[in-house]
Amino acid sequence: SGETSTTSNRQRPVSEEEQSKTKRSRIEQSDLSSFPPVEEVYCICPADVATGGPEALHQLCDQINSLHTNMSAYMLYVNTGRNGVRHASRAQRLECYDVYDAPISGKNPLLEPEETTLLIWPECWTHEMLDFLADASPKAAQCAIWWLSVNNNTGRFKDWHRNDILHLYQSEYARQHLEKNGAKHIHAMTEYIPDRITFDSPKERSIDVLYNPLKGMHYTDDILKRSQRSIKFSPIGAGEGGKDRISPEQVRTLLKKAKVYIDFGPHPGMDRLPREAALSGCVVVTNLEGAAGFRKDVPLPPKYKIKNFNPEVVHTLLKDLIDNFDERSKEMDKYREWINGQKLTMKKCVACLVEEVVKKRNKKSSS
């Protein structure tokens, strides 16, 4: 795909002193409301990737446009490499995202940032965002970080003192992480399981327990050793040990064949797989790591969250779930109801965001 650099062509060289003054003037803004109302939003997204994070960014773009305000949203597809983030100007939207009102940007706001533009960066690229702000002109675009996970940032972001950055959190786990570190401007922004994934009432299921071979395998291995003679396990994946990725469609097919889905991984955010598993008819069992430790993020019945890992205890639980599957599956109904309400919750989050970056600022400028 064609790419354009993010480096802007200035009329004259800017001295280090001027650059430093520009950075200070942005950082020392007392409140984000001192910026002008946002007119255009760009969701910065890796090109040609069909996973949970990119889909969430398309959902955000869609939900902003669905409000039909004076603020429009676009997808800005990028590639990353040694030279940082580069606009993938020829990238096309993947077919799976065609259900969203998420038009591709016809321009590159990284090259010519405007004060009325808001760039939303995924948390894995905070370093790229800071490089952009350091290199941008005095009237640079406004920036937000969407914390779809905490762990995937790997502690890289440390500029918590900055007043010129908006922080959006997808999970209670992320909210508490932001508050603990002293982030200045924090707003809720959830996402939701796509409408194409609907609940399947339990039918004939040939797999007892499904697990993710890329997460929490030090725990799962202990369970496999203890239980695989009496319980049929299957990994979500292909190849040796299920380590090779499979398509989203193949994942959904597996979920609809399983009775139980276990996830003993780090839960860096409100992960999609436990929610998809529940909607596919599985009983979901997790640990208490990361977002799974928060009821607001993973509201499962407490007995389905393993606090102290003990293979014997987990084995007994799994046997009960398998042997009494029809009855136990009904205990997921409240969780499924909560999952199905997340689209409406996201609409409310987006309306609050528009109130913050458009309506409040319009009132302030007219008063």
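This is a short talk on the pockets, cavities, salt bridges, one sheet and two unusual backbone angles of a predicted model.

Okay, hi everyone. Keep in mind that we're looking at a predicted model here, so every value I quote is computed from it.

Let's start with empty space. Rolling a probe the size of a water molecule over the atoms shows where empty space is left. The largest pocket comes out at about 1,300 Å³. It has 46 lining residues, and the ones closest to its centre are Thr51, Gly52, Gly53, Arg245 and Arg272. If you want to find the walls on your screen, look for α2 (52-66), α6 (248-255), β11 (258-263) and α7 (272-279), the elements that each give two or more residues to that lining. Which of them gives the largest share? That's α2, with six residues. As for chemistry, the lining of this pocket splits into 20 nonpolar, twelve polar and 14 charged residues.

Now the enclosed spaces. How many cavities of 30 Å³ or more are there? Two. The largest cavity has a volume of about 50 Å³. Its lining includes a run from Cys45 through Pro46, Ala47 and Asp48 to Val49, and also Ala91, Gln92, Arg93 and Leu94. His58, Tyr77 and Tyr97 line that cavity too. By class, that's eight nonpolar, two polar and two charged residues around the largest cavity.

The second largest cavity holds about 40 Å³ of space. Around it you'll find Leu32, Leu118, Gln142, Cys143, Leu166, Val357 and Arg361. Two elements give two or more residues to this lining, namely β6 (142-147) and α11 (342-366). The classes here are five nonpolar, one polar and one charged.

On to salt bridges. Side chains of opposite charge can pair when their charged atoms come close. In this model the count comes to 20 salt bridges, and I'll pick out a few.

Take Arg175 and Glu172, whose closest N and O atoms are 2.6 Å apart. Both sit in helix α4 (residues 172-181), three residues apart, so about one turn of the helix. Are they buried or exposed? Arg175 and Glu172 are both buried.

Compare that with Lys303 and Glu331, a salt bridge with its closest N and O atoms 3.1 Å apart. This pair links distant parts of the chain, 28 residues apart. Lys303 is in the loop between β12 (283-286) and α8 (311-323), while Glu331 is in the loop between α9 (325-329) and α10 (333-340). Lys303 has a relative accessible area of 47%, so it counts as partly exposed. Glu331 is partly exposed as well, at 26%.

Then there's Arg328 with Glu327, at 3.4 Å from N to O. Arg328 is buried, because its relative accessible area is 14% and the cut-off for buried is under 20%. Glu327, on the other hand, is at 51% and counts as exposed; exposed starts over 50%. And these two pairs belong together: Lys303, Asp320, Glu327, Arg328 and Glu331 are linked in a network of salt bridges.

Next, a sheet. Four strands form an open sheet in the order β10-β9-β11-β12, with parallel pairing. β10 (233-235) and β12 stand at the edges with a single partner strand each, so one side of each has no neighbour in the sheet. From one strand to the next, the twist averages 25°. Zooming in, β11 and β12 run parallel and are joined by four bridges, and Ile262 stands opposite Val285 in β12. You'll remember β11 from the pocket, as one of the elements that give two or more residues to its lining.

Last item, backbone angles. Most residues other than glycine have a negative phi, and most peptide bonds are trans. Here are two residues that go the other way on phi. His68 has a phi near 55°, and it lies in the loop between α2 and β3 (72-81). His267 has a phi near 50°, and it lies in the loop between β11 and α7. What about their surroundings? His68 is exposed, with a relative accessible area of 70%. His267 is buried, at 1%.

That's my list, thanks.

Key. Residues are numbered from 1 along each chain as its sequence is written. This is a predicted model: local features need pLDDT of at least 70, side-chain atom pairs count only at pLDDT 80 or more; totals for chains, interfaces and linings use all residues. Side-chain values use heavy atoms; hydrogens and water are left out. On a 1 Å grid over the protein atoms alone, a cavity is a set of points where a 1.4 Å probe fits but cannot get out, and a pocket is an open set with protein on both sides within 12 Å along at least five of seven lines; lining residues have an atom within 4 Å of a point. Grid points are joined across faces, edges and corners, and a volume is the space filled by probe spheres set on the points. Ala, Val, Leu, Ile, Met, Phe, Trp, Tyr, Cys and Pro count as nonpolar, Asp, Glu, Lys and Arg as charged, and the others, Gly among them, as polar. A salt bridge is a side-chain nitrogen of Lys or Arg within 4 Å of a carboxyl oxygen of Asp or Glu. Buried means under 20% relative accessible area, exposed over 50%, partly exposed in between (1.4 Å probe, protein chains only). Two strands pair if DSSP finds at least two bridges between them. Axes are lines fitted to C-alpha atoms, for helices over the stretch in contact, and angles run from 0 to 180 degrees between N-to-C directions.
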